[in-house]
Amino acid sequence: MDLVTVVATALWAMLPAYVPNNAAVLAGGGRPIDGGRSWGGRRVLGDGKTWRGTAAGTAAGVALALVLNAASGPIADLLGVPAVEFPLAAAVGLALGAMVGDIGASFVKRRSGRERGAPFPGLDQLDFVVGALALAAVLDFEWVTATFTVPVLATVLVVTPLLHVVTNGIAYLIGAKDEPW
Ligand code: CTP
Ligand code: MG
Ligand code: K
């Protein structure tokens, strides 16, 4: 696999996992998933993890995967790379998994005494990648192993934190997010 194919595959295959967190920021609010409950003197998850944000984020990621499937042929031809197609199970796994990974990170943050919005470098940038790939692998193992070859996976792990820092910085600057992480 040449470098263009590796990078194009990595970015394309992760798009349904990148969009949910940003959609959740725009759509979030309402009832928190933990219902306001605490555990060990700290919130279980906190007010930053809501049912509405999670549902909207998941829906946005799945919808994007379906749009990408419709566009993948011509764009892959244009770039001269093999097209990536998302089976529905993989799309759901990537989108819902990204949300679950982010929720899991909030659980870890609260247990380690970090208040809502506090940064946790490393975890903040990769929680959703781990969640997305893990749930996608549970729902469609063959698709994950065929798509995320070692070079593609390595690219994802390097490029995702960079993209995360840039997109959250922009979200902060335009006022969509309270903190730039
Ligand atoms: N959001 C949501 N539901 C989710 C994830 C995010 O409603 N499952 C919304 C919330 O409004 C949240 C915002 O998106 O405040 C930003 O998300 P994030 O940075 O992940 O949450 P934080 O508020 O920083 O909380 P935490 O410290 O728990 O990450
Ligand atoms: Mg945050
Ligand atoms: K987060």
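Asp124 is buried, with a relative accessible area of 8%. The residue belongs to helix 4 of a model that is predicted. Its side chain makes a polar contact of 2.8 Å with the side chain of Lys109. The Asp124 side chain also reaches a backbone atom, the nitrogen of Phe120, at 2.7 Å. Leaving aside residues up to four places away in sequence, Asp124 touches Lys109, Ala118, Pro119, His164 and Trp181.

**Annotated spans**

The unreviewed UniProt entry places the feature "transmembrane region" at residues 88-108, 128-146 and 152-175. In the model, residues 88-108 are 100% helix and 0% strand, and the C-alpha atoms at the two ends of this span lie 30 Å apart. Residues 152-175 are 92% helix and 0% strand, with end C-alpha atoms 33 Å apart.

**Packing of helix 4**

Helix 4 covers residues 123-139 and helix 6 covers residues 150-173; their axes come within 8 Å and cross at roughly 135°. That angle makes helix 4 oblique to helix 6. On the helix 4 side, the contact is made by Asp124, Gln125, Leu126, Phe128, Val129 and Leu133, and on the helix 6 side by Leu153, Val156, Leu157, Thr160, Pro161, His164 and Val165. The crossing of this pair is right-handed.

Helix 4 also packs with helix 1 (residues 3-27), at an angle of about 130° and with the axes 10 Å apart. Helix 1 is therefore oblique to helix 4. This crossing, too, is right-handed. Here Met14, Ala17, Tyr18 and Asn21 of helix 1 meet Phe128, Val129, Ala132 and Leu133 of helix 4.

**Buried residues in the helices**

Val129 is found in helix 4 and is listed in the contacts with helix 6 as well as in those with helix 1. Beyond residues up to four places away in sequence, Val129 touches Met14, Val156, Leu157 and Thr160. Its C-alpha atom is 9.0 Å from that of Asp102, a residue 27 places away in sequence.

Leu94 lies in helix 3, which runs over residues 88-111. With residues up to four places away in sequence not counted, Leu94 touches Ala13, Pro16, Ala17, Phe86, Ala132, Leu133, Ala136 and Trp143. One of these contacts, Ala13, is 81 residues from Leu94 in sequence, with 9.0 Å between the two C-alpha atoms.

Thr147 is part of helix 5, residues 141-147. Its side chain reaches the backbone oxygen of Trp143 at 2.7 Å. Outside the stretch of four places to either side in sequence, Thr147 touches Thr9, Ala13, Val84 and Val152. Ala13 is thus named among the contacts of Thr147 and among those of Leu94.

The relative accessibilities of these residues are set out below.

| Residue | Relative accessibility | Class |
|---|---|---|
| Leu94 | 0% | buried |
| Val129 | 1% | buried |
| Asp124 | 8% | buried |
| Thr147 | 9% | buried |

Thr147 counts as buried because its 9% is under the 20% cut-off. Val129, at 1%, counts as buried because its value is also under 20%.

Technical notes: Residues are numbered from 1 along each chain as its sequence is written. Chains are lettered from A and ligands numbered from 1 in the order in which they are written. This is a predicted model: local features need pLDDT of at least 70, side-chain atom pairs count only at pLDDT 80 or more; totals for chains, interfaces and linings use all residues. Side-chain values use heavy atoms; hydrogens and water are left out. UniProt positions are given in the numbering used here, feature names are shortened, and annotations may be inferred rather than shown by experiment. Helices (H or I, at least four residues) and strands (E, at least two) are DSSP runs, numbered from the N terminus. Buried means under 20% relative accessible area, exposed over 50%, partly exposed in between (1.4 Å probe, protein chains only). A polar contact is a pair of N or O atoms within 3.5 Å; within protein, one must be able to donate a hydrogen and the other to accept it, and residues adjacent in sequence count only if both atoms are side-chain atoms. Contact means heavy atoms within 4.5 Å. Axes are lines fitted to C-alpha atoms, for helices over the stretch in contact, and angles run from 0 to 180 degrees between N-to-C directions. Angles under 35 degrees count as roughly parallel, over 145 as roughly antiparallel, 65 to 115 as roughly perpendicular and the rest as oblique. A crossing is left-handed if the near helix is turned anticlockwise from the far one by less than a right angle, and right-handed if clockwise.
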